[in-house]
Amino acid sequence: LPNIYLTWKKLFLLLVAWLAAQGWWLYHAYQLEFQGKNTFAQIWLASIVFGFVNVIILCAIIYNYRQIVVSVPTPAEKSASEKKND
């Protein structure tokens, strides 16, 4: 991950958003599984929000990715460097 340039503030906000969405989903899943409450609509909505938060995080990572540029010598540069070495 050395090529992803996110500020600490943005990284913290993305982490908090993910934890909040995950916690919201887990709360309603707990209510359904262990308390026996009908929370299908809440889980459905929490799943949509959780998926949306994940898409936002992926977009932020892709947007802030900086590719390392590696220069490949052209054939003319190769021949010039070979002549220097001779």
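**Helix α2 and the nonpolar core**

In this predicted model, helix α2 comprises 24 residues and spans 34 Å from its first C-alpha to its last, a reach close to the 34 Å expected at 1.5 Å a residue. Along α2, the buried positions are I43, A46, F50, V53, I57 and A60, and what covers these buried residues includes helix α1.

Several of the buried positions of α2 recur in the largest nonpolar core, which is made up of 6 residues, namely L14, A21, F50, V53, I57 and A60. The elements that contribute two or more residues to this core are α1, covering residues 8–33, and α2, covering residues 40–63. Of the elements involved, α2 gives the most to the core, with 4 residues. A60, a member of this core and one of the buried residues of α2, touches both L6 and L14 when residues up to four places away in sequence are not counted; of these two partners, L14 is itself listed among the core residues.

Y63 is likewise found in helix α2, but its environment is described by another class of accessibility. Y63 has a relative accessible area of 63% and is therefore classed as exposed, since the cut-off for that class is over 50%. With respect to the rest of the chain, Y63 and I4 are separated by 59 residues in sequence, whereas their C-alpha atoms lie 8.8 Å apart in space.

Key. Residues are numbered from 1 along each chain as its sequence is written. This is a predicted model: local features need pLDDT of at least 70, side-chain atom pairs count only at pLDDT 80 or more; totals for chains, interfaces and linings use all residues. Side-chain values use heavy atoms; hydrogens and water are left out. A nonpolar core is a set of buried Ala, Val, Leu, Ile, Met, Phe, Trp, Tyr and Cys residues joined through side-chain atoms within 4.5 Å. Buried means under 20% relative accessible area, exposed over 50%, partly exposed in between (1.4 Å probe, protein chains only). Contact means heavy atoms within 4.5 Å. The expected span of a helix is 1.5 Å times one less than its number of residues.
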